[in-house]
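Got a minute before you head back to the bench? Here is a quick briefing to read alongside the model.

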Amino acid sequence: MNSSFVYSIPTKVYFGENQLQHLGKELRNYGTKVLLVYGGGSIKKNGLYDKIRKEIADSGLELFEYSGIEPNPRHTSVNEGAEICKRENIDVLLAVGGGSVIDATKFIGAGAYYNGDVWDLVTRKAPITHCLPIITILTLAATGSEMNAGGVITNLDTKDKIGMGAACMLPKVSFLDPTVTYSVDRYQTSCGCADIFSHVVEVYFSMDKDLSMLDSFMEGLMKTVIHYAPIAMEHPNDYEARANLMWASSWAINGFINGGKTHAWSCHPMEHELSAYYDMTHGLGLAILIPRWMKYTLNENTVSRFEQYGRNVFDIHNDSDPMVIANKAIHMTSEFFFKTLGLKSNLSELGIDESKFEIMAKKAAQNGTFRAFVPLDAEDIVNIYQLCK
Ligand code: NZQ
Ligand code: ZN
């Protein structure tokens, strides 16, 4: 067991309703010129935009806006945002949205200190040295970007989608109001839930001997998603369901569950290629991949981990052979994604054929899946894509 690690996530979180009254005060800690960054307009439809403008006006802050951040945010948008920061001498960034807006804002903040294409920072061609302070208002429970230092940016010219992080990009403050997520539709709710679930899966499936309290915590997170996802889908305004999913999203990927584990993730690199080539919704791609990856990695060496997953997450309590329990657990994972969450189960349903499998596999393997739970090379990854057809 490797239980030596450093854990430091100093993001201050305001959780719950009626917390926006603290927004002005928190922004003011970092200056007076605020750049509000948001996406395609959902915050205007649900009334959040007006509330934010009022808080900022009441606090006497100077407001600038940059909107139109796309799902799977593009490096070109990040470059535009960074230019505004330089031109207007912005002091602090306010990201209002889901993971795409928050991720883009992180690179806008870093790009404000870089003379050149922000893509250089994403691809590690140039180091990320500084970032403008970031405050977030999360509107979709999914990526955990509100409480971690990473971001994922897409370059449509090169067909690359790359994740990169730096401590300076960690949000200083995040506002998590579950009622803001009432307006998230069924599809984005299910994709978000698949993403939260996947962040735990990527860490849970490891043959490292874990701190067992982290195993229990991860099993609790997965059970939370399984329990509350269908409630949020059926009753979008159910506060309890939205609150549990929102807090689960942050804790699934703020570093806590890693507990010293350093192995590479498997399904995210494979999914990021699907998003890069087909602009797919992240959670949907993960839902399609995970059960196939599980099938592919189940063997005599790994069966004990799948058995524990089956018993503790899906409550499969019987005396069957571990392999039987493992297979049942994988089946129940598929049922959760495709029946409960109602997500499409095959790439062909999305019009994706095998023409890009090899190139996507090659790129995904470069991103380190060979250090994963079960090491995967490009050929393995093609095989897993084939299982998703
Ligand atoms: O753009 P708007 O109009 O706001 O609409 C968005 C968008 O169309 C909508 N939405 C968000 N909040 C809403 C809402 N609609 C109604 N009511 C609300 N309250 O939802 C759509 C999707 O938003 P997006 O931000 O793209 O979703 P998500 O939060 O799932 O973010 C996905 C991105 O994050 C990356 C993914 O790869 C993808 O690019 N990830 C970031 C991670 C991180 N930083 O740690 C880790 C993840 O594994 C992931 O890779
Ligand atoms: Zn994810």
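Helices and strands here are DSSP runs, numbered from the N terminus, with at least four residues for a helix and at least two for a strand. Keep in mind that this is a predicted model. Below you'll find a zinc site, a second ligand site, a helix and a glycine in a strand.

**The zinc site**
- Four residues hold the zinc ion (ligand 2): Asp195 through OD, and His199, His268 and His282 through NE2, at 2.0 to 2.2 Å.
- Reading along the chain, the zinc donors are spaced as D-x3-H-x68-H-x13-H.
- Aspartate 195 and histidine 199 both sit in helix H7 (residues 186-204), and because they are four residues apart there, about one helical turn separates them.
- Are these two buried or exposed? With the cut-off for buried set at under 20% relative accessible area, aspartate 195 counts as buried at 2%, and histidine 199 is also buried at 2%.

**Around ligand 1**
- Ligand 1 has 32 residues around it, and those that come nearest are Gly40, Ser42, Gly99, Ser100 and Lys161.
- On the backbone side, a polar atom of glycine 41 is 3.0 Å from an oxygen atom of ligand 1.
- Side chains join in too: an N or O atom of threonine 139 is 2.7 Å from a nitrogen atom of ligand 1, and one of serine 183 is 2.8 Å from a nitrogen atom of the ligand.
- On its own, ligand 1 would expose 960 Å², and the protein buries 88% of that.
- Which elements give two or more residues to the shell around ligand 1? They are H5, S6, H7 and helix H10 (267-278).

**Helix H4**
- Helix H4 (residues 75-88) has 14 residues, so at 1.5 Å a residue it should span 20 Å, and its end C-alpha atoms are indeed 20 Å apart.
- Buried residues in H4 are His75, Ser77, Val78, Asn79, Gly81, Ala82, Ile84 and Cys85.
- Their cover includes strands S2 (33-38), S3 (62-66), S4 (92-97) and S6 (150-155), along with helices H5 (99-111) and H6 (119-122).
- Right after H4 comes asparagine 89, with a positive phi near 55°.

**Glycine 151**
- Glycine 151 belongs to strand S6 and is buried, with a relative accessible area of 3%.
- Leaving out residues up to four places away in sequence, glycine 151 touches Asp103, Phe107, Ile162, Gly163 and Met164.
- Glutamate 240 is 89 residues from glycine 151 in sequence, and their C-alpha atoms are 28 Å apart in space.

Terms used. Residues are numbered from 1 along each chain as its sequence is written. Chains are lettered from A and ligands numbered from 1 in the order in which they are written. This is a predicted model: local features need pLDDT of at least 70, side-chain atom pairs count only at pLDDT 80 or more; totals for chains, interfaces and linings use all residues. Side-chain values use heavy atoms; hydrogens and water are left out. The expected span of a helix is 1.5 Å times one less than its number of residues. Buried means under 20% relative accessible area, exposed over 50%, partly exposed in between (1.4 Å probe, protein chains only). Contact means heavy atoms within 4.5 Å. Donors are N, O and S atoms within 2.8 Å of the metal (3.2 Å for Na, K and Ca); water is not among the atoms, so sites may look incomplete. A residue is near a molecule or strand if one of its heavy atoms lies within 4 Å of it. A polar contact is a pair of N or O atoms within 3.5 Å; within protein, one must be able to donate a hydrogen and the other to accept it, and residues adjacent in sequence count only if both atoms are side-chain atoms. Accessible areas come from the Shrake-Rupley method with a 1.4 Å probe; for residues, only the protein chains shown count as cover.
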